[in-house]
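Work through these short exercises with the structure in view. Try each task before you read its solution.

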Amino acid sequence: MANNEKGSSGYLFSVVLVAVLGGLLFGYDTAVISGAEKGLQAFFMGASDFQYTDALHGITSSSALIGCIIGSALSGIFASRLGRKRSLFVAGVLFFLSALGSYNPEFLFFSQGVPSFALLVMFNIYRVLGGIGVGLASAICPMYIAEVSPSGIRGKLVSWNQFAIIFGQLVVYFVNFLILGSHANPVVDLVNGVNQVINPEAAAWTTATGWRLMFVSEAVPAGLFALLILLVPETPRYLVMSGQDQRALQVLTRINGASEAQVILSEIRSTAEQKTERLFAYGWMVIFIGIMLSVSQQAIGINAVLYFAPRIFESMGMGNPMVQTVMMGVVNITFTLLAVFTVEKLGRKPLLISGSVGMAIGAFGVAVSSVVSGIPSIIPVLSIMVYSASFMFSWGPICWVLISEIFPNTIRSQAVAIAVAFQWIFNFIVSSTFLPMYNMRLGSMGVSFGHFFSYALYGVICVVAALFVWKLVPETKGKTLEDMTRLWKKDKIHNS
């Protein structure tokens, strides 16, 4: 009976643990390319029917993001019609199919190990498929966690989803490192204006097999997630909006206790009299802020660093860039934990603003190091670490927390879908333009100009992001999801 009155923290923990596996797969799928991209590039450079350029490689390395845009744009429809739980099951199945297809894109239609333009298209189709899964998970996992969590710990629990994303990236960095082992990564350089693999014999295994094993390694966590998500309940908010009040009460009782469950159910009912409202029912500002949070999180350039980390460290003269990449993953995990344990104490805004400033310092440090001669290579490496660590305790987790809680109940699935779609659109823009921009040359400065320009641009955007948060983003610490409905309703009345 005591358990019924207090609720079960163990039950809540187990439900959230399953949901954050979706975050782990999100991180795993988006970062697996960092270890595989060089072998993949060398493989398709062996094609005889087309020339595999830097631009094509940038698109191929980022093609999963096209799927992410599609998945996140559709997430509102999925979340509203299928529910949060079944939508996450669909995402798990897509992750699994993508892992197998990326491992063996020749399946059924092509000769094994023979690169061609048609095979490149098929590989990208499998990556887009996984990206749709990522897009669904990226929008619905934090939504799911926010909708089952008590308001006092909601920020912390949604932050665990970002921890899982970064942990997934660390896991895949380490898995890629183990798969590569003593094998050489291909070295690609411009020879007479054409990309060529230098010493292809040394990198033969990585070119033929290594990248495939990196992609298929995702099938294990993907299959586990698809099975486990079947065991968790649907969220109480979705159940109420679907007219299933009794089932919602059962879930709320297990999590919050019987008396608290009745109070929460009444609050949900009062703000969810209908399934959905018009997107701009609470004014345009709430939608604008949600979109700009997403755009800012990507425009500051973090994923260009995460996706191409080994290549960046190699250009800085590091001995084994995969080691630095794994080290960066450990730093990222540590600073994500900092956000998890401080988000309910310090609030959302202070973390975002301080993280933006730290990122700007790190980005400008890398930019200056690339054009000032004689600076030890440890300085840009440390600057990259500062840049990345600052993101991990701020924009990484806190953006997802805000997006999951800032919107009123009746427009949440639509508004989250739009905000997250913008996030993936800008992720694709940043990721697909980074490599050509990073390798850009200007007169006597050569490629140093591209290095400087890339990070100086990201540094400026970080400063703009800090100003945006300071002036426009409301603090949501300690507020219930129903409080947000009242906040925006009041704001709309005030502005009308």
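**Exercise 1.** Locate L230 and decide whether it is buried, partly exposed or exposed.

Solution. Step one: L230 sits in the loop between α8 (219-228) and α9 (236-241). Helices here are DSSP runs of H or I with at least four residues, numbered from the N terminus. Step two: its relative accessibility is 46%, so L230 counts as partly exposed. The cut-offs are under 20% for buried, over 50% for exposed and partly exposed in between, with a 1.4 Å probe and protein chains only.

Keep the basis in mind: this is a predicted model, where local features need pLDDT of at least 70, side-chain atom pairs count only at pLDDT 80 or more, and totals for chains, interfaces and linings use all residues. Residues are numbered from 1 along each chain as its sequence is written, and side-chain values use heavy atoms, without hydrogens and water.

**Exercise 2.** Place L108 and state its exposure.

Solution. Step one: L108 lies in the loop between α4 (84-103) and α5 (117-148). Step two: the relative accessibility is 68%, so L108 counts as exposed. Step three: check the backbone. Phi of L108 is near 75°, a positive value in a residue other than glycine. Most residues other than glycine have a negative phi.

**Exercise 3.** Which residues make the nonpolar surface patch of about 590 Å²?

Solution. Step one: apply the rule. Patch residues have over 30% relative accessible area and no salt bridge; nonpolar side chains (Val, Leu, Ile, Met, Phe, Trp, Tyr) are joined within 5 Å, like charges within 9 Å. A salt bridge puts a side-chain nitrogen of Lys or Arg within 4 Å of a carboxyl oxygen of Asp or Glu. Areas come from the Shrake-Rupley method with a 1.4 Å probe; for residues, only the protein chains shown count as cover. Step two: list them. The patch is made by F89, V93, F96, L97, L100, L230 and L231.

Methods:
Helix = DSSP H or I, 4+ residues; strand = E, 2+ residues; numbered from the N terminus.
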